[in-house]
Amino acid sequence: MMKKLYKNVFVTVGTAEFEDLVRTVASAAVLQQLTALGCETLTIQFGKGEKLNVDNVQKLTNIRLSAYGLKSSIGDDISSADLVISHAGAGSCIEVLEAGKPLIVVVNETLMNNHQTELAERLSKDKNLFYCTPNTLLQTLKESDLNQLEALAPGALDSFVNHLDTFMGFR
């Protein structure tokens, strides 16, 4: 069986800031691993965080890099991606999974009242995504078989939204 290449990788932190994720993805080790996965273009959406110095990061890799803060929709970036690496915000996870893209979720452990871990664990249990922290992203990229991920089953999103509503105390 031929190994799938992930030529276009998109990284999103949503509308907040998640410097640890941006820094980790822009590290030499992660860039090298993305190259091993076949990555040719990497787009990093850094949200409200510090602007990524693309020129400095570009010196570390042959991957074509681009970065931006915020825009009205990331839908085009998701649909053109072969792999998405995302923060664990519910909206981003749902949008990526609905698009049928392989997803690695990176949990921001610094958030107070962090619902992200439970969200990531639930979707990982159903084999819809892999999750990690910034410190374990490299290991996750090396060890995870993205071909093992399963698309959301019909109606699974309704079940997930109900679960999230219950967790957040809306029900």
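Helices here are DSSP runs of H or I with at least four residues, strands are E runs of at least two, and both are numbered from the N terminus. This is a predicted model, where local features need pLDDT of at least 70, side-chain atom pairs count only at pLDDT 80 or more, and totals for chains, interfaces and linings use all residues. Residues are numbered from 1 along each chain as its sequence is written, and side-chain values use heavy atoms, with hydrogens and water left out.

**View 1. The whole protein chain, with eight helices and six strands.** Walk along the sequence and you get β-α-α-β-α-β-α-β-α-β-α-β-α-α. Of the 171 residues, 46% count as buried (buried is under 20% relative accessible area, exposed over 50%, partly exposed in between, with a 1.4 Å probe and protein chains only). Take the contacts (heavy atoms within 4.5 Å) between residues at least 6 apart in sequence: 62% of them join residues at least 24 apart. The chain exposes about 9,200 Å², and carbon and sulfur atoms supply 50% of that; the areas come from the Shrake-Rupley method with a 1.4 Å probe, and for residues only the protein chains shown count as cover.

**View 2. Helix α6 and its buried residues, Q116, L119, A120 and L123.** Looking down the axis of α6, these buried residues fall within an arc of 95°, so they line one face of the helix. The arc is taken from the directions from the helix axis to the C-beta atoms. As a reminder, an α-helix has 3.6 residues a turn, so residues three or four places apart point the same way.

**View 3. E121 in α6, and the stretch that follows the helix.** Helix α6 covers residues 116-125. E121 counts as partly exposed because its relative accessibility is 39%. Its C-alpha atom is 7.4 Å from that of Y131, ten residues apart along the chain. Just after α6, look for K127, which takes a positive phi of about 60°.

**View 4. Two cysteines, C39 and C93.** C39 counts as buried because its relative accessibility is 6%, and C93 counts as buried at 1%. Hunting for disulfides (cysteine sulfur atoms within 2.5 Å of each other)? The structure holds zero.

**View 5. K71 over the face of Y68.** K71 sits 4.6 Å from the ring centre of Y68. To count as a charge over a ring, NZ of Lys or CZ of Arg must be within 6 Å of the ring centre and within 35 degrees of the ring normal.

Terms used:
A disulfide is a pair of cysteine sulfur atoms within 2.5 Å.
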